[in-house]
Amino acid sequence: MSTNTDVSLSSYDEDQGSKFIRKAKEAPFVPIGMAGFAAIVAYGLYKLKNRGNTKMSIHLIHMRVAAQGFVVGAMTLGMGYSMYKEFWAKPKP
C-alpha cells in the first residue's frame, strides 16, 4: 500500500464561508446567477398578488422563463469570461 503525502489538507481546514468566497473568486458569475435567480423569484412572488387577469399558470411560466434566462445568461457570460482569461488575457511566454 502506498500513501500519497502530497495531498493538501488546506481544503479540509477552511470553513463554508471561506470555501464559498474562494469558489466565487474562481467563477464570479455563479453567485451572480444565483442572486439574479433569487431576485427574479422574489419579484415574481411579490407581483403574484397584483397579476390582474393573468392566470396563475401563465404568471408562473413567465417567472420561470425569466429566471432560467437570467441563469443561462450568467452562465454564458461566465464561460466567455473564463475563455477570455484562459486564452487572451494569459501573458505570452
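Tryptophan 88 lies in helix H4 of this predicted model. With a relative accessible area of 60%, the residue is exposed, because the cut-off for that class is over 50%. Its ring takes part in the one aromatic pair that the structure holds. The partner is phenylalanine 87, and the arrangement is edge-to-face, with 6.4 Å between the centres and 75 degrees between the planes. Phenylalanine 87 is likewise exposed, at a relative accessible area of 53%. Both residues of the pair also belong to a nonpolar surface patch, in which they are joined by Met79, Met83 and Tyr84. The area of this patch is about 620 Å².

The protein as a whole contains four helices and zero strands. Along the sequence the elements follow the pattern α-α-α-α. Helix H2 covers residues 16-26 and helix H3 residues 29-47, while helix H4 runs over residues 56-88. Of the 93 residues, 9% count as buried. The exposed surface of the protein amounts to about 7900 Å², of which carbon and sulfur atoms supply 65%.

The UniProt record, an unreviewed entry, places the feature "transmembrane region" at residues 27-45 and 65-84. In the model, the span 27-45 is 89% helix and 0% strand, and its end C-alpha atoms lie 29 Å apart. For the span 65-84 the helix content is 100%, again with 0% strand, and the end C-alpha atoms are separated by 28 Å.

Alanine 27, where the annotated span 27-45 begins, is found in the loop between helix H2 and helix H3. The relative accessibility of alanine 27 is 33%, so this residue counts as partly exposed. In sequence, alanine 27 and serine 82 are 55 residues apart; in space, their C-alpha atoms are 8.0 Å apart. Serine 82 falls within the annotated span 65-84.

A further set of contacts involves the loop between H3 and H4, where leucine 48 is placed. Leucine 48 has a relative accessible area of 22% and is therefore partly exposed, since the buried class requires a value under 20%. With residues up to four places away in sequence not counted, leucine 48 touches Met56 and His59. The C-alpha atoms of leucine 48 and methionine 63 are 10.0 Å apart, for a sequence separation of 15 residues.

Histidine 59, one of the residues touched by leucine 48, is found in helix H4. At 9% relative accessibility, histidine 59 counts as buried, because that value is under the 20% cut-off. When neighbours within four places in sequence are left aside, the contacts of histidine 59 are Gly44, Lys47, Leu48, Arg51 and Thr54. Of these contacts, Gly44 and Lys47 fall within the range of helix H3, residues 29-47. Within helix H4, histidine 59 is thus a buried residue, whereas tryptophan 88 is an exposed one, at 60% relative accessibility.

Methods:
Residues numbered from 1 in each chain as written. Predicted model: local features only at pLDDT ≥ 70, side-chain atom pairs only at ≥ 80, totals over all residues. Heavy atoms only, no water. UniProt positions renumbered as here; feature names shortened; annotations may be inferred. Helix = DSSP H or I, 4+ residues; strand = E, 2+ residues; numbered from the N terminus. Buried < 20%, exposed > 50% of the residue type's maximum accessible area, 1.4 Å probe, protein only. Areas by Shrake-Rupley, 256 points an atom, 1.4 Å probe, with all protein chains shown as cover. Contact = heavy atoms within 4.5 Å. Patch = residues over 30% accessible without salt bridge, like charges linked within 9 Å, V, L, I, M, F, W, Y side chains within 5 Å. Salt bridge = Lys/Arg side-chain N within 4 Å of Asp/Glu carboxyl O. Phe/Tyr/Trp six-rings, centres within 6.5 Å; stacked < 30°, edge-to-face > 60°.
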